[in-house]
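Please look at the sequence and the model shown here before reading the notes on its ligand sites.

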Amino acid sequence: MRVLGIETSCDETAAAVVEVSDAATERPRARALSDVVHTQADVHERFGGVVPELASRDHLQRVLPVIDEALRKSATALDDLDGISVTRGPGLVGALLVGVQVGKSLSAASGRPLAGVNHIEGHLLAVLLGDDAPSPPWLGLVVSGGHTSLYEVRSLGSYRALGHTLDDAAGEAFDKVAKLLGLPYPGGAHIDRLAAEGNPRAIDFPRGLSKRSKTELDFSFSGLKTAVLHHVREHGVGNLPDLCASFQEAVCDALTQRAVRAARAARLPSLVICGGVAANSRLRALASERCAAAEIALYLPSPKLCTDNGAMIATAGALRLARGERAPAGMSADPGWRL
Ligand code: KG4
Ligand code: ZN
């Protein structure tokens, strides 16, 4: 199946053409023929965060050129497609609506079927685009700017939420701490780079799980963010690499500890880490170490597959279309859609 994927849920306008074989089985293979991402980072940078109104406007300007480029780079005409897939939620409503309307229009114009997919499912299935992918069941840790969640992937298309962040997402914590330290937006990659030169044991930041968690598989990062703020107020920034490394260690320690605990509790043989924060070098190293010790097979999609992209949306949509699912004619965006 050849599917066009369109993603506009937050601050990336993305489109990709993906070819999926054995799409209706539990071992599908996906390959991106093109994968075009236009990031709006420069639009939002001076505000230190995503401004929803500006995001919608920029998507509106970029979405057709980005789709054109994805089709051209894969030498695909609309008529060559077996389907179109678009992110329906969760995300910013105005941003989502741009992709949903374009997807519906292209589907109506070409007569090709349309799938409306969940952005989180896209992140979870991005691993199918890599060289090496597990078969279900597996544990998925989704860590991005908007989400920090653990899912049991029971089969492709069937997910059970095991834990969530009770406050900030991990990427949000990275970005907020980076802003506090005067680093550019989005700050996760800057902290990662600076931390490489620092001592992760220089400052002992809290890892505390929120008392509100019933399962011990939830996350909480707002206390850590406040602890960094208090530290800076009391002692100043001091050695910036040490501060970055210590903060990053606290986040990665909590994420990997909970993921290993969840995999053990649900007896899942493999862990897939996805979402923008999965690009973090310390998270990748610590997860490798802890999964090896716990005999859990670890899958880490390449950083390009971890951050928002159209290929993951095309893949998730291809599997749904292959199972006969079709977006209803009246489909709209669903900004709060839970997987
Ligand atoms: O998945 P994504 O591209 O967009 C969302 O769906 O949110 O994730 C973006 C997030 C941002 O918070 C960014 O700071 C973070 O991923 N990020 C990183 C790194 N690269 C991106 N965080 C830590 N270390 C990195 N290397
Ligand atoms: Zn995302």
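The report below covers the basis of the model, then the metal site, then the other ligand.

## Basis of the model

This is a predicted model, in which local features need pLDDT of at least 70 and side-chain atom pairs count only at pLDDT 80 or more, while totals for chains, interfaces and linings use all residues. Residues are numbered from 1 along each chain as its sequence is written, chains are lettered from A and ligands numbered from 1 in the order in which they are written, and side-chain values use heavy atoms, with hydrogens and water left out.

## The zinc site

The zinc ion (ligand 2) has as its protein donors His119 (NE2), His123 (NE2) and Asp308 (OD), at 2.0 to 2.1 Å; donors are N, O and S atoms within 2.8 Å of the metal (3.2 Å for Na, K and Ca), and water is not among the atoms, so sites may look incomplete. Along the chain, the donors of the zinc ion follow the spacing H-x3-H-x184-D.

Histidine 119 is buried, with a relative accessible area of 4%, and histidine 123 is buried as well, at 0% (buried means under 20% relative accessible area, with a 1.4 Å probe and protein chains only).

## Ligand 1

Around ligand 1 there are 21 residues, the closest being Gly145, Asp175, Asp192, Gly276 and Asn280, where a residue counts if one of its heavy atoms lies within 4 Å. A nitrogen atom of ligand 1 is 2.9 Å from an N or O atom in the side chain of aspartate 192, and an oxygen atom of ligand 1 lies 3.0 Å from a backbone N or O atom of glycine 276. Histidine 119, a zinc donor, also has a polar side-chain atom 3.5 Å from an oxygen atom of ligand 1.

Conventions
Buried < 20%, exposed > 50% of the residue type's maximum accessible area, 1.4 Å probe, protein only. Polar contact = N/O pair within 3.5 Å; in protein donor to acceptor, adjacent residues only side chain to side chain.
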